[in-house]
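Work through the exercises below with the sequence and the model side by side. Each task is followed by a solution that proceeds step by step.

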Amino acid sequence: TEFAGSKLFATLDKMEADPHVKDALDSAILPLLTGKWEVVAASDKPIDKEIRDFVAANLLRKDTDLFGPEYWCQTPHEQRLIEELDALRCGRSIIVPSYRRVGTKQVYDRLQWIEPDSIDSYQGWILDDNDNILAVRRKYITPGGQFKYQEPIEAKDIRLFVWDLKGARYEGRAFWRSLYGPW
């Protein structure tokens, strides 16, 4: 029952405060955060090298002769990894990208992480008859103090990262859920 409904995130926060539980999560995340990330060209063809440089500039903020800081995503690579890996902590991570044009190219402008507890486990997922996600509904307070309730984000506009996905259980399962008993 501690992992059901509104209790889920309070339970996960309490568990994360335990150094042993936090260590289990960090041991999975830190190698990815401290690793060297690079984009490798599919071949030596000029187009493949251009694609490599474009993707590296936009996602990894690496300058090349063709692509400089104007191509960079506002969301730094390290922050994006932490936000995507939040799927380990709570079972899922949802990112909403925005785009901008730079010359003839469309780039990621920002990759906005959505607070997982803003999606209601029972009413937040809109599925069709085949269990495909049509949208998610979220609740939140705007910076101006306005409360938004059940605001939909279409499936085409989200990037969903799930840990322990089974069937249409798009919420996943927390990586450390098995630690709950000993904890």
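**Exercise 1. Classify Asp13 by its relative accessibility, and then describe the salt bridge in which its side chain takes part.**

Because its relative accessibility is 44%, Asp13 counts as partly exposed, given that buried means under 20% and exposed means over 50%. The structure is a predicted model, and in it the side chains of Arg89 and Asp13 meet in a salt bridge, with an N to O distance of 3.5 Å. This pair links distant parts of the chain, since Arg89 lies in helix H5 (residues 86–90) and Asp13 in helix H1 (residues 7–16), 76 residues apart. The partner Arg89, with a relative accessible area of 10%, is buried. As a general background to such pairs, side chains of opposite charge can pair when their charged atoms come close.

**Exercise 2. Describe the salt bridges of Glu2 and of Asp164, and state how accessible the partners are.**

Begin with the total, which is 13 salt bridges in the structure. One of them joins the side chains of Glu2 and Lys7 at 3.9 Å, N to O. Glu2 counts as partly exposed at 28% relative accessibility, and Lys7 counts as partly exposed at 42%.

Turn next to Asp164, whose side chain meets that of Lys166 in a salt bridge of 3.8 Å, N to O. Here Asp164 is partly exposed, its relative accessible area being 28%, whereas Lys166, at 51%, is exposed. The final step is to look beyond the pair: Asp164 and Lys166 are linked with Arg169 and Arg173 in a network of salt bridges.

**Exercise 3. Identify the residues with the most contacts inside the largest nonpolar core, and find which elements contribute to this core.**

The largest nonpolar core has 13 residues, and Leu12 and Trp176 are those with the most contacts inside it. Two or more residues come from each of H1, helix H2 (19–34) and H5, and H1 gives the most, with 4 residues.

Once residues up to four places away in sequence are set aside, Leu12 touches Phe3, Arg89, Cys90, Ala174 and Trp176. A second, separate core has 10 residues, including Ile94, Ile114, Ile119 and Ile133. In general terms, nonpolar side chains tend to be buried together in soluble globular proteins.

**Exercise 4. Check whether the length of helix H3 agrees with its number of residues, and then describe its buried residues and their packing.**

Helix H3 covers residues 46–60, and its 15 residues, at 1.5 Å a residue, should span 21 Å; because its end C-alpha atoms are 20 Å apart, the two values agree.

The buried residues of H3 are Asp48, Asp53, Phe54, Ala56, Ala57, Asn58 and Leu60, and these pack against helix H4 (77–84) and strand S2 (105–114). Just after H3 comes Arg61, which has a positive phi, near 60 degrees.

To follow the contact with H4 at the level of residues, consider His77, which is found in that helix and is buried, with a relative accessible area of 9%. Neighbours within four places in sequence aside, His77 is in contact with Trp37, Leu59 and Leu60.

**Exercise 5. Which residues make the nonpolar surface patch of about 370 Å², and is Tyr149 buried or exposed?**

The patch is made by Ile141, Phe147 and Tyr149. Tyr149 is located in strand S5 (residues 147–154), and since its relative accessibility is 52%, Tyr149 counts as exposed.

**Exercise 6. Summarise the whole chain, taking secondary structure, dimensions, burial and contacts in turn.**

The protein chain has 5 helices and 6 strands, and from the N terminus on these elements run α-α-α-α-α-β-β-β-β-β-β. Taken along the principal axes, the C-alpha atoms fill a box of roughly 55 × 40 × 35 Å.

Of the 183 residues in the chain, 34% are buried. The accessible surface comes to about 11,100 Å², and 53% of this belongs to carbon and sulfur atoms. Finally, among contacts with a separation of 6 or more, 50% are accounted for by residues 24 or more positions apart.

Key:
Residues are numbered from 1 along each chain as its sequence is written. This is a predicted model: local features need pLDDT of at least 70, side-chain atom pairs count only at pLDDT 80 or more; totals for chains, interfaces and linings use all residues. Side-chain values use heavy atoms; hydrogens and water are left out. Patches are made of residues with over 30% relative accessible area and no salt bridge: like charges are joined within 9 Å, nonpolar side chains (Val, Leu, Ile, Met, Phe, Trp, Tyr) within 5 Å. Accessible areas come from the Shrake-Rupley method with a 1.4 Å probe; for residues, only the protein chains shown count as cover. A salt bridge is a side-chain nitrogen of Lys or Arg within 4 Å of a carboxyl oxygen of Asp or Glu. Buried means under 20% relative accessible area, exposed over 50%, partly exposed in between (1.4 Å probe, protein chains only). The expected span of a helix is 1.5 Å times one less than its number of residues. Contact means heavy atoms within 4.5 Å. A nonpolar core is a set of buried Ala, Val, Leu, Ile, Met, Phe, Trp, Tyr and Cys residues joined through side-chain atoms within 4.5 Å.
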